[in-house]
Amino acid sequence: MATFTEKQKNGLIKKFHTLLGKNGIGADGKEAILSGYGVESSKDLEISELVDICEILDKKANPSFYDADVWRKRVIAAIGGYLRSMGKEQNIDLIKSIACRAASRDRFNDIPTERLKSLYNAFKHRKNDVEFAGALKTVHSINLN
């Protein structure tokens, strides 16, 4: 019976070969990738190497998914920063619900990339405005005394 590690490695080898096909990489390209790791067969790769290669090939095969993922993370950070600047509670569920409400979507992952970019900029500017207003309040309170 195969161990968990063996099953994981076999799954990654299958994924590696599937991604080669999706990217239109033939036998020569496969050999070039493997030689870069000093092996002749995908079976000779370590699990960590297979994970790295599959991630690179997956990004190449699905660039729009990874672009949207980067913008999702940026939106989460921007909304989190805005909430922190306001001294409000922050958690991932609250942040996602704010983003969904702002984008008029039911699910966070359904927000299109262009809308994510817009939300990121809006919340980044809101955070900057809150921080600027706080700085003005501090300056004016010092001048009044």
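This is a short walk through a predicted model, stop by stop, with something to select at each one.

**Start with confidence**

Colour the chain by pLDDT before anything else. The average over the chain is 90, and 92% of the residues score at least 70. Now find the two extremes: helix 5 has the highest confidence, at a mean of 96, while helix 6 (residues 113-144) has the lowest, at 80. Keep one habit in mind: where pLDDT is low, the predicted coordinates should not be read in detail.

**Helix 4 against helix 5**

Next, select residues 63-85 for helix 4 and residues 92-103 for helix 5. How do these two pack? Their axes sit 10 Å apart, at an angle of about 105 degrees. That angle makes helix 4 roughly perpendicular to helix 5, since anything from 65 to 115 degrees falls in that class.

Show the side chains where they meet. From helix 4, pick Val75, Ile76, Ile79, Gly80 and Leu83; from helix 5, pick Ile92, Leu94, Ile95, Ile98 and Ala99. Which classes of residue make up this contact of helix 4 with helix 5? Nine are nonpolar, one is polar and none is charged. The polar one is Gly80, because glycine is counted with the polar residues here.

**The cysteines**

Select Cys54 and then Cys100. Cys54 is buried, with a relative accessible area of 2%. Cys100 counts as buried too, at 10%. If you are hunting for disulfides, you can stop: a search of the whole structure finds zero.

**The loop between helix 2 and helix 3**

Move to the loop that joins helix 2 (27-36) to helix 3 (47-61), and select Ser42. Is Ser42 buried or exposed? At 5% relative accessibility, Ser42 counts as buried, the cut-off being under 20%. Show what surrounds it: leaving aside residues up to four places away in sequence, Ser42 touches Ile13, Phe16, His17, Leu34 and Leu50.

Stay in this loop and select Glu40. Here the picture is the opposite of Ser42: Glu40 is exposed, with a relative accessible area of 75%, whereas Ser42 is buried. Try a distance from Glu40 to Lys30: they are 10 residues apart along the chain, and their C-alpha atoms are separated by 9.5 Å.

**Back to the loop before helix 2**

Gly26 is the next pick, in the loop between helix 1 (4-22) and helix 2. With a relative accessible area of 41%, Gly26 is partly exposed. Draw a line from Gly26 to Phe4: C-alpha to C-alpha, the two are 30 Å apart in space, with their positions 22 residues apart in sequence.

**Last stop: between helix 5 and helix 6**

Jump to the loop between helix 5 and helix 6 and select Ser104. Check its backbone torsions: Ser104 has a positive phi of about 55 degrees, although it is not a glycine. Ser104 is also exposed, with a relative accessible area of 67%.

Asn109 is in this loop as well, between helix 5 and helix 6. At 46% relative accessibility, Asn109 counts as partly exposed. Finish with one more distance, from Asn109 to Ala99: they are 10 residues apart in sequence and 10 Å apart in space, C-alpha to C-alpha. You have met Ala99 already, as one of the helix 5 residues in the contact with helix 4.

Notes: Residues numbered from 1 in each chain as written. Heavy atoms only, no water. Axes fitted to C-alpha atoms, helices over the stretch in contact; angles between N-to-C directions. Helix = DSSP H or I, 4+ residues; strand = E, 2+ residues; numbered from the N terminus. Parallel < 35°, antiparallel > 145°, perpendicular 65-115°, else oblique. Contact = heavy atoms within 4.5 Å. Disulfide = S-S within 2.5 Å. Buried < 20%, exposed > 50% of the residue type's maximum accessible area, 1.4 Å probe, protein only. pLDDT = per-residue confidence, 0-100.
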